[in-house]
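The following exercises are to be worked through with the sequence and the structure at hand. Each task is followed by a solution in steps.

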Amino acid sequence: MNRPTLSLIAAATALAAVTGFASLSGPADAETTAGGTVARLPVERTSRLCPAPSVSDVAETTYTSITPTGKGGADSAPATDAGGSAELKESTVTLAEPGGASDDESDKGDKKDEKGQGDAEKGAASPGKSFVTLKEPGTPVSAESSGANTPALVGTATGRFAPGWTTQQTTTVSVGGARGLLGMTCTAPDTDFWFPGASTERSRQDYVHLTNPDDTVAIVDIELYGADGAVKAETGEGIPVPARSSVPVLLSTLTSEVAPNVTVHVSTRAGRVGAAVRAADDAGGSDWLTASGTPAGSVVLPGIPADATDVRLVALATGSADADLKVQLATPEGTITPAGHESLHVKSQMTAALELGDITKGEAGSLVLTPSSGRGAPVVAALRVVRGKGEKREIAFIPATAPITARATVADNRAKGSTLSLTAPGDSAKVRVTSSPGTEGGEPTVETYTVKARSTLAVTPKAPAGLKGAYALTVEPESGGPVHAARTLEVPDDGIPMFTVQTLPDDRGTVSVPKAKEDLSILDDGK
């Protein structure tokens, strides 16, 4: 199946540093380490990728994009980077589809070779018409697209638009096997991803979408881990992802084994990609499964809805040691141990699942996994969450996520249906939440919340005054212990409680740069 990609082109001023670095000329926070003093400076370049949103002809997709302002955001960008822009453009690259297609995709007229792989144009993309343009930091913009041919998104923001730049992709599919509300925050390109919670069951159609933002081919390996360890895969090694292209891979074509719970490991031999899993259940709808956070001995999965009817925990121990985990639920009143689900043993490089049922019982909560003893073996984890019952049920996924160290933003919040979950697994924490103006108007608002120790606080965020359109939420811890966050967006349709959950990892809008012991600027005049 051939589709174009979208290229989010950002024109910046000269002297913009490479991704992850910042100029030393702007304002900064200083911190002292064992090696001396370092400065926290805003990044000058940010890359984000979103996969092709749907294969349904009735899909309606909204992209909402914003660069937050405030400490560590556009307001703190160096004066030399006062310019810059962020513009979404179409490119002419087509997409390949290795690994086969589902029934509703196979009739698109694609040409496949004997390995089930499609063709892709060679060479770098050429920019096309503008899709959406950020005008000012702090004010979100949105654009809409419909149908099955909406392409993948590849983007870069520089200058004052780079620190904390966030784009949300939200798709509504009202009928068919891919029915559901599919949401995800566009991800950064990387070389290693873990996705616990996928499946090769016949009732599931799970695709790994691989998007290459660069001008050279990326080579990708996909490994599957089931309850008994590595799943034998006939294909999955050395998948080429052409330059500035996106490739969907159907998991069930990689192996003949049927596994209800698998962990997908995506790694690159060459280049980097964005990766996400689009999961579709014949009876339970569909949503995006995004990558679990960095493997760790303790993990938090925030934002289980109060009315969840069924919750399944899926975890994998990524290293050579088994993991023995305590399972706890952080509720509004504190942390409890669910009766009958006190622990989970996860064998090395094997996927373990725990059925938690309606664990929240009317109160929003977050799952906290900690080692039974010691530091524990590193794990990745995700939750499959169901709302509703029977033919009126809907699925979503919550991956483990790291705490917000400085700031995190989630876009596309609506006047109704948004819930923000804040979890403090340790000490209590004070958090500042800013609601941006709407995409079509409104004034920002700011609220401060205190999250009790070892608890979850679920709030309906205060919408901007005079809201028109969608808005963004920016979360900034002010004091206390670590805070994990997630946003639930609900869009009911014909009695189906459609919803999607996005976690809020730190936006990494600043980087640490060692401070020079002397001001070398005195050399500018030749002295």
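**Exercise 1: An open sheet and its edges**

In strand E39, Phe499 is the bridge partner of Glu490. The model under study is a predicted one.

Task: Determine how many bridges join strand E38 to E39, and which strands stand at the edges of the sheet.

Solution.

Step 1. Strand E38 comprises residues 484-490, and five bridges join this strand to E39. The two strands run antiparallel.

Step 2. Both strands belong to an open sheet of four strands with the order E35-E31-E38-E39, in which the pairing is antiparallel.

Step 3. Strand E35 (455-459) and strand E39 (499-503) each have a single partner strand, so one side of each is left without a neighbour in the sheet. These two are therefore the edge strands.

Step 4. On average, neighbouring strands of this sheet are turned by 20 degrees against each other, with direction ignored.

**Exercise 2: A second open sheet**

Task: State the order of the strands in the sheet that contains E26 and E29, and identify the bridge partner of Ala382.

Solution.

Step 1. The order is E26-E22-E28-E29; these four strands form an open sheet with antiparallel pairing.

Step 2. Strand E26 (351-357) and strand E29 (394-399) are the edge strands, as each pairs on one side only.

Step 3. Here, too, the average turn between neighbouring strands is 20 degrees, direction ignored.

Step 4. Strand E28 (residues 379-387) pairs with E29 in the antiparallel sense over six bridges. Within this pairing, the partner of Ala382 in E29 is Pro399.

**Exercise 3: Nonpolar cores**

Task: Find which residues of the largest nonpolar core touch the most other members, and which strand gives the most to this core.

Solution.

Step 1. The largest nonpolar core holds 31 residues, of which Leu301, Leu313, Leu367, Leu369 and Leu383 touch the most other members.

Step 2. Strand E22 (residues 308-317) gives the most to this core, contributing five residues.

Step 3. Leu383 serves as an example. When its neighbours within four places in sequence are left aside, its contacts include Leu301, Leu313 and Leu367, as well as Arg312 and Phe397.

Step 4. A second, separate core has 29 residues, among them Val220, Val231, Val273 and Ala382.

**Exercise 4: Strands enclosed by the structure**

Task: Explain why strand E32 is described as largely enclosed, and establish how many residues of strand E17 are buried.

Solution.

Step 1. Strand E32 covers residues 429-435. Five of its seven residues are buried, so the strand is largely enclosed by the rest of the structure.

Step 2. E32 pairs with strand E34 (residues 445-451) in the antiparallel sense over seven bridges. Val431 stands opposite Tyr449 in E34.

Step 3. Seven bridges also join E32 to strand E37 (residues 471-480), again antiparallel. In E37, Val475 is the bridge partner of Val433.

Step 4. In strand E17 (residues 246-250), five of the five residues are buried.

Step 5. In a regular strand the side chains alternate between the two faces of the sheet. Accordingly, the two faces of E17 may be listed separately: Ser246, Pro248 and Leu250 lie on one side, Val247 and Val249 on the other, and all are buried.

Step 6. Strand E13 (residues 204-211) is joined to E17 by five bridges and runs antiparallel to it. Leu210 stands opposite Val247 in E17.

**Exercise 5: Aromatic pairs**

Task: Classify the pair Phe193 and Phe195 and the pair Trp194 and Tyr225 as stacked or tilted.

Solution.

Step 1. A pair of aromatic rings is described by the distance of the centres and the angle of the planes. The count comes to two such pairs.

Step 2. For Phe193 and Phe195 the centres are 6.2 Å apart and the planes form an angle of 15 degrees, and the pair is stacked. Both Phe193 and Phe195 are buried.

Step 3. For Trp194 and Tyr225 the corresponding values are 6.1 Å and 40 degrees, and the pair is tilted.

Step 4. This second pair links distant parts of the chain: Trp194 lies in strand E12 (residues 192-198) and Tyr225 in strand E14 (residues 218-226), 31 residues apart.

Step 5. Trp194 has a relative accessible area of 9% and is therefore buried, the limit being under 20%. Tyr225 is likewise buried, with a relative accessible area of 9%.

Technical notes. Residues numbered from 1 in each chain as written. Predicted model: local features only at pLDDT ≥ 70, side-chain atom pairs only at ≥ 80, totals over all residues. Heavy atoms only, no water. Pairing = 2+ DSSP bridges. Axes fitted to C-alpha atoms, helices over the stretch in contact; angles between N-to-C directions. Core = buried A, V, L, I, M, F, W, Y, C linked by side-chain atoms within 4.5 Å. Buried < 20%, exposed > 50% of the residue type's maximum accessible area, 1.4 Å probe, protein only. Contact = heavy atoms within 4.5 Å. Phe/Tyr/Trp six-rings, centres within 6.5 Å; stacked < 30°, edge-to-face > 60°.
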